[in-house]
Structure formats: C-alpha cells, structure tokens
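Reader: Could you take me on a close look at one part of this model? I'd love a friendly, connected walk through it.

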Amino acid sequence: MKKVLKYSYYLISFIFLLCTIFEVIEYLKINSNLYGLIYLFFNYFILFVLFTIVYNFSDRNKKVRISKNIMIIVLGLFASFILALLVPALIHEVDSSFVFASSVFLVSKVIKPILYFCLIILSIIELKFKKIS
C-alpha cells in the first residue's frame, strides 16, 4: 500500500508540474498581468510543497503529509476559483488577466481540481488504512 501511495504522489506531482509548465508558457506569451503573476506564485508554492511530500515520503511523516495535503487543497482551490474573480475586480482596470484566465481555463478549472480531489482521496486512504501515532 505504501508504494501505491508513493507512486500516486509521484503521478500527481508530475501532472501538476506539466500543467504549471503549460501555464508559465501561456503567461510568457501574454503581456504582463497581475492575475497570472499571483496565480503562478500560488502554483509554485503548491509545487514546492508537493515535492516535499513526494521526496520525504515515510511512515513517520503521515501527520505532516496530511496537513500539507490540506494546505495544498485550500490554496489550490483558492487560486483556481476565487483568485480569478478577486484580482481583476480589485485592480479596477482591464489588463490581460482575462486573456490569461481564458487561455488556462482547462488546466486551472478542470485538470487541477481533479488533482486536488485525488489528494483528498489519498489523504482519506491514509487516514483509514494507516494508524497515525
């Protein structure tokens, strides 16, 4: 079961990395925008936390892993859904934020929430099948 969980984390982090690379390429194609900058900052932080989960995978780190999963899920859902509504409304001017949001719509609103849902499932599996001490 441990290997399945570890390889699941590898797969999720690899897919998340590919999605983030795609978003960076889209950001570089478009002129500067504040939404893209803040969104990518959240994604880099999530990617960093995912890598710490994957490469520090051991039975001793169950509590830390589950708490990092919760942090990733909250920040990721905030960045994917709430940030797109918040940033353009706060700056009160039109920049290319709407163009960036529409160009990464599939990744940010479909693929990444599926990855966050998979992290929820992995956390539940760890809570059910492994005793947290």
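Author: Happily! In helix 5, the buried residues (under 20% relative accessible area with a 1.4 Å probe, protein chains only; exposed is over 50%, partly exposed in between) are Val107, Ser108, Lys112, Pro113, Leu115, Tyr116, Leu119, Leu122, Ser123 and Glu126. They pack against helix 1 (2-29), helix 2 (34-55) and helix 3 (62-91), where contact means heavy atoms within 4.5 Å. Helices here are DSSP runs of H or I with at least four residues, numbered from the N terminus.

A word on the source: this is a predicted model, in which local features need pLDDT of at least 70 and side-chain atom pairs count only at pLDDT 80 or more, while totals for chains, interfaces and linings use all residues. Residues are numbered from 1 along each chain as its sequence is written, and side-chain values use heavy atoms, leaving out hydrogens and water.

Back to the helix: its 25 residues (105-129) should span 36 Å at 1.5 Å a residue, and the end C-alpha atoms are indeed 36 Å apart; the expected span is 1.5 Å times one less than the number of residues. A kink of about 30° lies at lysine 112, shortly before proline 113, the bend being the angle between axes fitted to the seven residues ending there and the seven starting there. Lysine 112 also lies over the face of phenylalanine 16, at 4.3 Å from the ring centre; for this, NZ of Lys or CZ of Arg must be within 6 Å of the ring centre and within 35 degrees of the ring normal.

Finally, cysteine 118 is partly exposed, with a relative accessible area of 29%. Its sulfur is 12 Å from the closest cysteine sulfur, in cysteine 19, too far for a bond, as a disulfide is a pair of cysteine sulfur atoms within 2.5 Å.

Technical notes:
Helices (H or I, at least four residues) and strands (E, at least two) are DSSP runs, numbered from the N terminus.
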